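User: Hey, I've got a model open and could use a second pair of eyes. Can we go through it together?
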Amino acid sequence: MTTLAQAKAKVDAIIGKYVSGAPASTLIPPKAVAGKVYEAVVLGYLIENFVALERLRFRLVGGTQIYLKTSPGPINVSYPHFAVYRDKAHVANMFTDVEFLTLSCALVGNNTPTSAGDLHELDILIVNKSARRYPKPDEVWLGVECKHTSFEKNLLREALGIRRELSVLTELKPTAFSKWPTMMVRANLPSSLLVCSSDPRIYRYSSPGPFFGIDFHHVPI
Amino acid sequence: MTEDEYPELLRYVRSRIGEIGRADLDEFAYTAVEAADRPSDALLGYLSFVLTQIVLESQEGVLRAQERLNHALAMTDGGRVDDLILLPTDVEQAAINREQVSLFRVLPRRADFIVALQQFYDDVVRDRNEPHR
């Protein structure tokens, strides 16, 4: 049984290890770095599950590095990305930090964004292999939000907003997937939307997910 | 330790983290405390958030992410990830005078700290589950 004094001494020793280590990088704030590294953790989680449960294959093309942008933008196929195969056919691509063209923009007949409100970022996106620039909602297979932060209700509202700009509520329709992360969603267009968080409290706010076609996953590091 | 001693230990941990200039880390980790049912849960939640954050802002996080990716890619012969590259905005590039940043190269190594903190976390779990003598 540890006493309070012994526990405090342990804390002092642990803090000493931090102080004696290298200083934190001053190039990019630690919080921003952590969020980007968490995106890479989620990429691994996705590939693990798609390979095991969907029999999809992923191939890193265009390089051997993963590029993580601090600000989102259009698809850039010259950056390394993942080609997605079903059986032997190349069917889709997976990118990081890409903005998609909103449903509201597409439905009023604009194929290109006219204002910043016509685009929304997703941390990870799987789209038709032909999708370029800002993919349209009908080109999206899966959007993923990666949240390394305290999971509060505003993040649920954010996900509901993303869902609204990807599809309209309708009867259940099949997604591009047979099992994982979900095979049916009440959405037209029937993309999958996944919110991953390092905070296990993500499930406090997940109750609207099954109805609106949003999957909430706690993905520990 | 008894359950009523954990709030003091949490205050002590927070003060020490503040002393090393990581008020940002304390603020982030303290969000784990609000939903805790008992003081030891609050401490464990706080420590868990500190641990997660430190891993993700260090070389250890980059390595863990790469290992997970490479393990998954190896299942279908999908290539190999050698590094994670951060692409800053144009404004950030100008500020840091770099077009891209290799995360493994710029992030600090924190293995000793992470191992010690994980051990402390496990000690707290074990201690609170032991019957008091």
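Analyst: Sure. One thing up front: this is a predicted model. To start with burial in chain B, 50% of its 133 residues count as buried.

User: OK, staying with chain B, how many helices and strands are there?
Analyst: Chain B has seven helices and two strands. Going along the sequence, the order is α-α-α-α-β-α-β-α-α.

User: Is chain B spread out or a compact globule?
Analyst: Spread out. Its radius of gyration is 19 Å, well over the 14 Å that the globule rule gives for 133 residues, so chain B is more spread out than a compact globule. The C-alpha trace spans about 55 × 40 × 25 Å along the principal axes.

User: And what about the surface and charges of chain B?
Analyst: Its accessible surface is about 6600 Å², with 47% of that belonging to carbon and sulfur atoms. Chain B carries 15 positive and 25 negative side chains, and the centres of those two sets are 4 Å apart.

User: Switching to chain A. How many helices and strands there?
Analyst: Five helices and ten strands in chain A. Its C-alpha atoms fill a box of roughly 65 × 40 × 40 Å along the principal axes.

User: What share of chain A is buried?
Analyst: 52% of its 221 residues. As for contacts between residues at least 6 apart in sequence, 57% of those in chain A join residues at least 24 apart. The accessible surface of chain A is about 9300 Å², and carbon and sulfur atoms account for 55% of that.

User: Charges in chain A?
Analyst: There are 25 positive and 19 negative ones, and their mean positions are 4 Å apart.

User: Let's talk cores. Which residues touch the most other members of the largest nonpolar core?
Analyst: A:L46, A:F58, A:F82 and A:M94, in a core of 48 residues. Helix 2 of chain A, residues 30–54, gives the most to this core, with 13 residues. In general, nonpolar side chains tend to be buried together in soluble globular proteins.

User: What does A:M94 touch, skipping residues up to four places away in sequence?
Analyst: Quite a list: A:L43, A:L46, A:I47, A:F58, A:H81, A:F82, A:V84, A:I124, A:L125 and A:I126. Apart from that core lies another one of 33 residues, among them B:I17, B:L43, B:V50 and B:I54.

User: I keep clicking on A:Y38. Where does it sit, and is it buried or exposed?
Analyst: A:Y38 is in helix 2 of chain A. A:Y38 counts as buried because its relative accessible area is 0%, and the cut-off for buried is under 20%.

User: What's around A:Y38, then?
Analyst: Leaving out neighbours within four places in sequence, A:Y38 is in contact with A:C146, A:K147, A:H148, A:C196, A:S197, A:S198, A:V219, A:I221 and, from chain B, B:L56. A:C196 is 158 residues from A:Y38 along the chain, yet their C-alpha atoms are separated by 9.7 Å.

User: Last one: A:R201. Where is it?
Analyst: In chain A, in the loop between strand 9 (192–197) and helix 5 (209–212).

User: Is that arginine buried or exposed?
Analyst: Buried. The relative accessible area of A:R201 is 12%, which is why it falls on the buried side of the 20% cut-off.

User: And what does A:R201 touch?
Analyst: Not counting residues up to four places away in sequence, A:R201 touches A:S150 and A:F151 in chain A, plus B:T31, B:A32, B:E34, B:A35 and B:F49 in chain B.

Definitions and conventions
Residues numbered from 1 in each chain as written. Chains lettered and ligands numbered in written order. Predicted model: local features only at pLDDT ≥ 70, side-chain atom pairs only at ≥ 80, totals over all residues. Heavy atoms only, no water. Helix = DSSP H or I, 4+ residues; strand = E, 2+ residues; numbered from the N terminus. Rg over C-alpha atoms; globule rule 2.2 N^0.38 Å. Buried < 20%, exposed > 50% of the residue type's maximum accessible area, 1.4 Å probe, protein only. Areas by Shrake-Rupley, 256 points an atom, 1.4 Å probe, with all protein chains shown as cover. Lys, Arg positive; Asp, Glu negative; His and termini not counted. Charge placed at Lys NZ, Arg CZ, Asp CG, Glu CD. Core = buried A, V, L, I, M, F, W, Y, C linked by side-chain atoms within 4.5 Å. Contact = heavy atoms within 4.5 Å.
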